[in-house]
Amino acid sequence: MKKNVIITGTSTGVGFESAILFANNGFKVYATMRDLKKADTLKSKIKTDNLDIEILSLDVTNIESINLALDTIINQDGKIDILVNNAGAGFAKTTEQSSIEEIKWVTEVNYLGAVYCTKAALPFMRKQKTGQIISITSIGGLVGQPFNELYCGAKFGVEGFMEGLATYVSDAFNIKITCVEPGGIATEFMTSAIGKTVVEGQLSTGEYLPIFERYMAGNQKRAKEGKEQVYQTALEVAEVILNVAKMEKPPLRVRTSKWAEKFCELKTQADPDGTKIVNQIKESFL
Ligand SMILES: NC(=O)c1ccc[n+]([C@@H]2O[C@H](COP(=O)([O-])OP(=O)(O)OC[C@H]3O[C@@H](n4cnc5c(N)ncnc54)[C@H](OP(=O)(O)O)[C@@H]3O)[C@@H](O)[C@H]2O)c1
């Protein structure tokens with residue numbers, strides 16, 4: 001029987017490319033998305049390339065929809081081999097100017113969504129005594145950045161959550177745990193996050209405006225100067241995820257580009273892939 005993989009957020013970007021790439025590499029793919037109206041492009045790709053992909057509805061902020069999708073997979077295959085927590089959303093706004101609703105939303109989509117999906121998948125993987133959880137975090141899960149503190153905080157949360165799991169579920173139940181940490185990806189992600197900020201006029205007044213303008217100018221300069229180094233394609237990130245899925249002993253942390261590696265170096269140089277810290281914690285506590 002083929003290995004199966006459930007991927008969240010497959011309507012666009014990394015999730016979309018990962019679904020196709022995994023299917024082309026012999027996996028049975030459960031491509032999930034919160035809005036099935038966005039499935040047309042993937043559906044036509046499945047048809048033309050005859051891909052083993054089944055599209056399921058799953059909103060990572062809705063526990064019922066997560067359980068329903070996982071039950072469907074268990075009823076069909078009797079197992080869940082790999083969970084890819086990919087769904088996420090960019091958010092660029094100061095804490096002061098974000099509403100409580102926005103703060104809850106950015107945390108739920110980017111942090112709690114990964115926790116909810118992992119919590120739902122763990123009982124099956126524990127009983128199977130095998131499984132793999134891959135969360136797409138970000139360099140923003142290692143390094144805080146201006147106007148991104150709420151997004152970064154959520155991604156730091158995923159990093160801490162995954163690190164904690166890696167200290168015991170891997171040895172006890174053979175469940176592999178990895179954070180995939182991209183830098184910039186050429187998707188609609190950041191453009192729409194920054195666009196939203198400007199369109200909504202949240203920064204059009206006040207003491208934050210000059211700082212925001214410096215930030216935007218710096219972003220544009222960096223993008224122009226080093227477009228090739230800074231930005232990867234969604235497919236390139238999907239290739240890193242597939243590589244992690246194929247590893248016998250994947251590490252806790254994987255950056256997806258040289259630029260991402262360099263960007264995080266001060267935080268990661270003592271223990272680039274997280275192996276040392278996981279071992280140290282295991283020795284101290286277990
Ligand atoms: N793009 C970057 O520069 C960048 C950098 C570092 C890390 N990342 C991370 O990489 C991952 C993929 O991002 P991407 O670049 O591929 O962005 P993207 O093209 O915007 O894709 C994000 C996906 O998440 C889905 N999603 C959002 N809220 C959801 C929810 N409540 N339930 C289920 N799905 C939901 C979106 O669905 P809808 O179409 O319905 O909104 C979309 O399919 C994210 O975790 C992101 O944080 C991105």
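This passage walks through the strands, the nonpolar cores, the ligand shell and a few individual residues of a predicted model.

The strands come up first, starting at the N-terminal end. Strand S1, residues 4–7, pairs with S2 in the parallel sense, and four bridges hold the match. Within that pairing, Ile-7 has Ala-31 of S2 as its bridge partner. To get from S1 to S2 the chain passes through H1, in a β-α-β crossover that is right-handed. S2 itself is largely enclosed by the rest of the structure, because five of its six residues are buried.

S2 (residues 28–33) also pairs with strand S3 (residues 53–57), again with the strands running parallel, and here five bridges join them. One of the matched pairs is Tyr-30 with Glu-54 in S3. The link between these two strands goes through helix H2, residues 40–49, and this β-α-β crossover is right-handed.

Further along the chain, S5 takes up a similar role with partners of its own. Strand S4, residues 82–85, runs parallel to S5 and is joined to it by four bridges. Val-84 sits opposite Ile-134 of S5 in this arrangement. Between S4 and S5 the chain travels through H4, and the resulting β-α-β crossover is right-handed. S5 also pairs with strand S6 (residues 175–181), in the parallel sense and over six bridges. There, Ser-135 faces Cys-179 in S6.

How much of S5, residues 131–136, is buried? Six of its six residues are, so the strand is mostly covered. Looking at the two faces separately, Gly-131, Ile-133 and Ser-135 are buried on one side, while Gln-132, Ile-134 and Ile-136 are buried on the other.

The loops on either side of S5 each hold a residue with an unusual backbone angle to look at. Lys-129 lies in the loop between H4 and S5. Its phi is positive, about 60 degrees, although Lys-129 is not a glycine. Lys-129 counts as exposed because it has 10 C-beta neighbours inside 10 Å. Phe-147 is found on the other stretch, in the loop between S5 and helix H5 (149–166). Phe-147 also has a positive phi, near 65 degrees, and is likewise a residue other than glycine. Is Phe-147 buried or exposed? Phe-147 is buried, with 23 other C-beta atoms within 10 Å.

Next come the nonpolar cores. The largest one has 67 residues, and those with the most contacts inside it are Val-5, Ala-19, Val-29 and Ile-241. H4 gives the most to this core, with nine residues. Val-5 shows how parts of the chain come together: leaving aside neighbours within four places in sequence, its contacts include Phe-22, Phe-27, Val-29 and Tyr-30, along with Asp-81, Ile-82, Val-84 and Ala-245. A second, separate core has six residues, among them Ile-139, Ala-260, Phe-263 and Cys-264.

As for the ligand, 31 residues surround it, and the closest are Gly-9, Gly-13, Ala-87, Gly-88 and Phe-189. Helix H1 (13–24), helix H4 (100–128), strand S7 (184–185) and helix H7 (189–199) are the elements that give two or more residues to this shell. Which of them supplies the largest share of the shell? That is H1, with three residues. Sorted by class, the shell holds 12 nonpolar, 14 polar and five charged residues.

Gly-13, one of the residues closest to the ligand, also brings in a distant part of the chain. Ala-234, in helix H10 (residues 234–246), is 221 residues away from Gly-13 in sequence, yet the two are 5.5 Å apart in space, C-alpha to C-alpha. Once neighbours within four places in sequence are left aside, Ala-234 is in contact with Gly-13, Val-14, Phe-16 and Glu-17, and with Ile-185 and Thr-187 as well. Why does Ala-234 count as buried? The reason is its count of 20 C-beta neighbours inside 10 Å, and 20 or more is what the buried class requires.

Key: Residues are numbered from 1 along each chain as its sequence is written. This is a predicted model: local features need pLDDT of at least 70, side-chain atom pairs count only at pLDDT 80 or more; totals for chains, interfaces and linings use all residues. A residue is near a molecule or strand if its C-beta atom, placed from the backbone, lies within 6 Å of it. Ala, Val, Leu, Ile, Met, Phe, Trp, Tyr, Cys and Pro count as nonpolar, Asp, Glu, Lys and Arg as charged, and the others, Gly among them, as polar. A residue is buried if 20 or more other C-beta atoms lie within 10 Å of its own, exposed if 12 or fewer, and partly exposed in between; C-beta atoms are placed from the backbone. Two strands pair if DSSP finds at least two bridges between them. A crossover is right-handed if, with the strands pointing away from the viewer, the path from the first strand over the helix to the second runs clockwise. A nonpolar core is a set of buried Ala, Val, Leu, Ile, Met, Phe, Trp, Tyr and Cys residues joined through C-beta atoms within 7 Å. Two residues are in contact if their C-beta atoms, placed from the backbone, lie within 7 Å.
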